[in-house]
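Let's take a walk through this structure together, starting with the overall fold and ending in its empty spaces. Please keep the model open beside the text as you read.

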Amino acid sequence: MKKQKYLFLGITFLLSFGCALFVAMSVFPNNPFSKTKTENTIQSKLKDGDIIFQTSQSPQCEAVRIATNSKFSHCGIIYNMNGKWYVFEAVQPVKLTLFEDWIQHGKDNKYVVKRLKDADKVLTPEVLQKMKDYSQQFNGKEYDAYFEWTDTRIYCSELVWKIYKNAAGTELSKLRELKDFNLSDPRVQKILKERYGNEIPLEEKVVAPVDLADSYLLKTVIDNY
């Protein structure tokens, strides 16, 4: 009789906990219990070769946002490697970062994912492998804080542009020159002074995250801004 009593209490507790958990997940969609499910749903929308953008928070990234009149200051390419999603990005150094970790680095965890409109035709398995193979030459290289158009060091949007251009045969945007951006803001001037002194390379070829984000070749897949 005593065993039956404890068994009844145990079953009642499990049923109550189950009901409470169901209600919590239904009423509070951001409940930690449902986080994994949400992440899996988001990642199910990703495809190899997608381009992801976010707002970084360093002083240099703030200057990039001001100079380019955009909320985006950082970007990378999404790759599926051995069943896991990564972002190949130019930071210090250039590297693969787990997708979920990359999201945490952006302001308020906000990001936008874009994809070639004709990705199914252009990004074949062979082309995607070529992109990954081409990417290896940049892995481990230093971040280019001087925004030079060389392969010695490299910055985020330059990395994405060159991979698409040289491995996928797709020019995502036209290149601009440094002088084409808004360089008059004091915060931008401060960064330029720190980087170049009095010799600013105004005619240096440059591609900014916003140039890629605004590309007519891309469509938005995910946007949680």
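Nine helices and eight strands make up the chain, and what you are looking at is a predicted model. Of its 225 residues, 43% count as buried. Turning to the contacts between residues with a separation of 6 or more, 69% of them join residues 24 or more positions apart. On the outside, the chain exposes about 13000 Å², with carbon and sulfur atoms supplying 55% of that area.

A good element to visit next is helix α3, residues 59-68. This helix is mostly covered, with seven of its 10 residues buried. If you would like to pick them out, they are Q60, C61, A63, V64, I66, A67 and T68. Among the elements that cover these buried residues are α8 and α9, the latter spanning residues 209-213. Just past the end of α3 you will come to N69, which takes a positive phi of about 50°.

Now for the empty spaces. Rolling a probe the size of a water molecule over the atoms shows where such space is left. How many cavities of 30 Å³ or more does a search of the whole structure find? The search gives one. The largest cavity has a volume of about 300 Å³. It is lined by 25 residues, and those closest to its centre are A63, V64, A67, F147 and L178. Helix α3 appears again here: it provides six residues, the largest share of the lining. Helices α3, α7 and α8 (186-196) each supply at least two of the lining residues. Sorted by class, the lining of this cavity has 20 nonpolar, four polar and one charged residues.

The second largest pocket offers another stop, with about 220 Å³ of space. Its lining has 14 residues, of which C61, H74, A90, V91 and Y143 are the closest to the centre. The elements that give two or more residues to this lining are α3 and strand β3, residues 84-90. Here the classes come out as five nonpolar, eight polar and one charged residues. C61 is thus a residue to look at twice, since it is among the buried residues of α3 and among those closest to the centre of this pocket.

Let's finish with helix α6, which runs over residues 125-135 and has V127, L128, M131, K132, Y134 and S135 buried. Where do these buried residues fall when you look down the axis of α6? They lie within an arc of 165°, and so they line one face of the helix. What they pack against is a mixed set of elements: strands β2 (74-81) and β3, together with helices α5 (119-122) and α7 (156-167). Strand β3 therefore links two parts of our walk, because it gives residues to the lining of the second largest pocket and packs against the buried residues of α6, which line one face of that helix.

On the face of α6 turned away from the buried side, you will find the exposed residues P125 and E126. Is P125 buried or exposed by its relative accessibility? At 63%, P125 counts as exposed. One last pair to find on screen is P125 and D48: they sit 77 residues apart along the chain, while their C-alpha atoms are separated by 9.2 Å.

Technical notes: Residues are numbered from 1 along each chain as its sequence is written. This is a predicted model: local features need pLDDT of at least 70, side-chain atom pairs count only at pLDDT 80 or more; totals for chains, interfaces and linings use all residues. Side-chain values use heavy atoms; hydrogens and water are left out. On a 1 Å grid over the protein atoms alone, a cavity is a set of points where a 1.4 Å probe fits but cannot get out, and a pocket is an open set with protein on both sides within 12 Å along at least five of seven lines; lining residues have an atom within 4 Å of a point. Grid points are joined across faces, edges and corners, and a volume is the space filled by probe spheres set on the points. Helices (H or I, at least four residues) and strands (E, at least two) are DSSP runs, numbered from the N terminus. Ala, Val, Leu, Ile, Met, Phe, Trp, Tyr, Cys and Pro count as nonpolar, Asp, Glu, Lys and Arg as charged, and the others, Gly among them, as polar. Buried means under 20% relative accessible area, exposed over 50%, partly exposed in between (1.4 Å probe, protein chains only). The arc is that of the directions from the helix axis to the C-beta atoms. Contact means heavy atoms within 4.5 Å. Accessible areas come from the Shrake-Rupley method with a 1.4 Å probe; for residues, only the protein chains shown count as cover.
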